[in-house]
Amino acid sequence: MSHSLFIADLHLSPSSPKLFQKFQNFLEGPAREATALYILGDLFETWVGDDDIPSPFNQKVVSALATLTQQGTQLFYLHGNRDFLLGNKFAKACGATHLADPTILILEDGVRTLLTHGDQLCTEDEAYQAWRKQVRSVTWQRKVMTLPIEERYKIAQEATTMSTQAKKKKTLAIMDVTLQAVIELLRKNDYPRLIHGHTHRPARHTYRLDDNTCERWVLTDWNSRKGGYLKCDENGCQALPF
């Protein structure tokens, strides 16, 4: 049966070898049997540019994804807040297709489905949204990519440290998606199903909007102890652990 899988927020890094092994097992298991795999952002904890593909860890990840696509599974990804510098060289190296955020497609059950990383829906976190606007600008990214890889890693580490400190001062509600932002997105796109990650709060939500019923799936994050994916086929979607 044709089916698609969705994952997000793995935050792969050289410091988490058990997590990479879990991901590789997933690629060799459920993902290999799927028609398509969609990665909805933050595959990597840090990505400083496609010129860093040859580094040993990044090469392992790219090779694992390339093996998957060579075996017949289609691979799609969109940017997260940690790996927004993933580019065309990465896509070519692993046989993936980059998707705009958001993207709408029709899944196996015929339901129009909108895919997004999810961070743009956290509208109450104004400091984060200002940062997101800056780093997603072409001007900023071109400037950063002129720096040596070592300098880019330093900038990424500083940003991670600042983000960790800032989260300690924020409420959980501020760091979650804003209901009004979700409603506006659903209305704007003619009431689709919504799938996203980013918040690390896996769940299925349903809304009744203007005589339309919409569902919102939040993907789970991964670590060495847990993981999971959303499977969608002609019967609908279900969240499965891995």
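This briefing covers the nonpolar cores and one open sheet of the structure above. The model is predicted, with local features requiring pLDDT of at least 70 and side-chain atom pairs counted only at pLDDT 80 or more, while totals for chains, interfaces and linings use all residues. Residues are numbered from 1 along each chain as its sequence is written, and side-chain values use heavy atoms, with hydrogens and water left out.

**Nonpolar cores**

- The largest nonpolar core (buried Ala, Val, Leu, Ile, Met, Phe, Trp, Tyr and Cys residues joined through side-chain atoms within 4.5 Å, where buried means under 20% relative accessible area with a 1.4 Å probe, protein chains only) has 35 residues, and those with the most contacts inside it are Phe23, Phe26, Leu37, Leu43, Leu65 and Phe90.
- Two or more residues of this core come from each of β1 (4-7), α1 (17-28), β2 (36-40), α3 (56-70), β3 (74-78) and α4 (88-94), these elements being DSSP runs numbered from the N terminus (helices H or I, at least four residues; strands E, at least two).
- The helix α3 gives the most to this core, with 6 residues.
- Leaving aside neighbours within four places in sequence, Leu65 is in contact (heavy atoms within 4.5 Å) with Phe23, Leu27, Ile39, Leu43, Leu75, Phe90 and Cys94.
- A second, separate core has 17 residues, including Ala36, Leu78, Leu219 and Leu230.

**Open sheet**

- Five strands form an open sheet in the order β5-β6-β7-β9-β8, with mixed pairing, two strands being paired if DSSP finds at least two bridges between them.
- At its edges lie β5 (103-106) and β8 (203-209), each of which pairs on one side only.
- Strands β6 (residues 112-116) and β7 (residues 193-196) run parallel and are joined by 4 bridges, with Thr113 standing opposite Arg193 in β7.

Terms used:
Buried means under 20% relative accessible area, exposed over 50%, partly exposed in between (1.4 Å probe, protein chains only).
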